[in-house]
Amino acid sequence: MKLNLKKVSILFISLFVICSSAIPARIHNVDNDEHLHLRAYTNEIQKRHEPFKFIQTDYFKPFVHLPFTNKSVTRYYQLTLKKVKLSPDGFERTVWSVNGQYPAPIIRANKGDRMIINVENKFGDPAAVHWHGVFQHGTNWYDGVPGQTQCPIPNDVSFIYNFTTGDQHGTFWYHSHFMAQYADGLRGALIVHDPDDPYLKEYDYEYVITLSDWHHRTTGEILPNFISPTYTGRRPVPDSPLLSGRGRYNFYNVKKNKKYRFRIINSAADAFFIFSIDEHKLKLIESEGIYIKPTIIEKLPINVGQRYSVIVNADQPIGKYWIRATIDKRCVLINNATINFNSSIDWNGLGILKYEGSKNDKPKSKEFPENFKICRDPDPKHLKPLQPVTKYDGNVSDFFNITVKFQREGDGIVKAVMNNSSFIPQFNDPTINKIIRHIPPDELPKEQNSLIFDNKNGIVEIALWNNNTDEHPFHMHGHVFGVMFVGEKNEYPDEKKYNKKNPVIRDNVTVPGFGYLVIRFIADNPGIWAFHCHIEWHVELGLVLQLVELPSILMNETIPNDASSLCFKNDYQKKRNPTTPFHNRERMFNPVIINEIRRDINKIR
Ligand SMILES: [Cu+2]
């Protein structure tokens, strides 16, 4: 067979495009010397550690907190990533599993513990694991975001994530941050117990419920249709809503007069859920690791990536009650060209709260009425932190204006853009590597959507305008933020209305369709942190930013060898000398403003 030069170069160009953009292709690794070297290296690292505990968990068994000790504990967990055949809703398909199960096992720790987690990749695809909500203070390279904080873990390679839970406690989760892999199965709960939990005496047992939208087709099949110039549909329609990875007849057993803390995690790729338990009110106590003033609610709206804890008192007559996790299809637009538009989905996900001693019959319980705004986060008055946080009330040192919209790009594909730029990761040269080899942040590629700020402990404000019909659940890595303002269409941000004194604190917030969002956080965590819509289909269309936080500190860090060696042809040692200090340079990602007079956000219309 003859290959001419033109064909070869087309092949190489196509390979480059596949490897360096969010185009949906499973990348298969070729064995080469570097690869073999890496395997030997990771084996060596593993020998130096304690045995890793291989965990599998039953989400339908209640648990109590781990034993509390005076000293923090180092916990060694083994997560083996492997494709297996499973039938979560009765339909068998290939699942990107962790330790053979879906959802991935519940990882648990106490506040202050060190987590040493060995991720052994047997997927046959590259992978990475992100610890959603964990600050990763001082360990940015273990945040698990290919293209930003690490290179993907190649197949047949083990990689050890090593981080501390620090002062954090609450309900977190972990999932793949590589392509749309988490929608195929790599998602599970991460729980950090707190010996100082003010609500500890108010519940006897705990349950974790992960909510997910399940597809019968893999994302490898869905994405090439979705990201195509000819696609005129909306976001792919799922086939089932699942509670902790199961369909309708999943039982959460309770004992009469006991109290249960339910930790609800929306781990969906897309779906906005409404959660409730018939005839049992929910006492809301936690939003994303933050204790909140207890509020009694009947129905809990929960968007993608968000977490809440509620206490449920099993004080009703012995019997069975529906647990409802309904995908709110009012937040989902579907047309006839939408992938799986004729799905046979029952949008009403169900589980059963089953009292000990109840009869073997179907629940006859009554659903609570609805009394909240659709496709929105709960009313801020229900999410007030137990301790009001005032640190966001001060002079803003860095301010960014962001506009979100969808537009057809040069390749004919409708992409999601932030300030007219659709995010494209460079998987084999993540941003952190670039900063550490002293590439000036303003020289980062424009399509990496960098928000650069370098004022230590300064207040950073992001004002975001969502110029399209969809609501978006925005998640920030490495931080929680104070929600200053959420506005509907034509309800423009007005600083006088900002909630500076006692804002909602979280890491994942909903911006309404054609609405506004203003958040503030403290620049206290040097690193590269993703800030993105958590609808996975929108991530694939580029709805991602990266915070380049305190680069003048970050550039002097050293990436551990195991993390840097994931990158082929790694030349991070070769440091460059920036000719001009960062703070004297113009920034790349226009029209983002740094350290200038704050713009009147009303003018961004
Ligand atoms: Cu979105």
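Is Thr 80 buried or exposed? Select this residue to begin the tour of the predicted model. Thr 80 has a relative accessibility of 12% and therefore counts as buried, the cut-off for that class being under 20%.

**Stop one: the surroundings of Thr 80.** Display strand 2, which spans residues 74–86 and contains Thr 80. Next, show the residues in contact with Thr 80 beyond its neighbours within four places in sequence: Phe 54, Ser 97, Val 98, Asn 99, Glu 120 and Lys 122. With the side chains of Thr 80 and Glu 120 visible, a polar contact of 2.9 Å can be traced between them. Ile 55 lies 25 residues from Thr 80 along the chain, and the C-alpha atoms of the two are separated by 9.7 Å.

**Stop two: the copper ion.** Select the copper ion together with His 472, Cys 533 and His 538. Coordination is through ND1 of His 472, SG of Cys 533 and ND1 of His 538, at 1.9 to 2.1 Å. Along the sequence, these donor residues follow the spacing H-x60-C-x4-H. Cys 533 counts as buried because its relative accessibility is 0%; His 538, at 2%, likewise counts as buried.

**Stop three: the nonpolar cores.** Move to Phe 262 and Ile 462, which touch the most other members of the largest nonpolar core, a set of 86 residues. Centre the view on Phe 262 and display the residues it touches, not counting those up to four places away in sequence: Tyr 207, Ile 209, Tyr 252, Ile 277, Tyr 308, Ser 309, Val 310, Val 312 and Leu 353. Finally, select Trp 96, Val 119, Trp 141 and Leu 554, which are among the 44 residues of a second, separate core.

Methods: Residues are numbered from 1 along each chain as its sequence is written. This is a predicted model: local features need pLDDT of at least 70, side-chain atom pairs count only at pLDDT 80 or more; totals for chains, interfaces and linings use all residues. Side-chain values use heavy atoms; hydrogens and water are left out. A nonpolar core is a set of buried Ala, Val, Leu, Ile, Met, Phe, Trp, Tyr and Cys residues joined through side-chain atoms within 4.5 Å. Buried means under 20% relative accessible area, exposed over 50%, partly exposed in between (1.4 Å probe, protein chains only). Contact means heavy atoms within 4.5 Å. Helices (H or I, at least four residues) and strands (E, at least two) are DSSP runs, numbered from the N terminus. A polar contact is a pair of N or O atoms within 3.5 Å; within protein, one must be able to donate a hydrogen and the other to accept it, and residues adjacent in sequence count only if both atoms are side-chain atoms. Donors are N, O and S atoms within 2.8 Å of the metal (3.2 Å for Na, K and Ca); water is not among the atoms, so sites may look incomplete.
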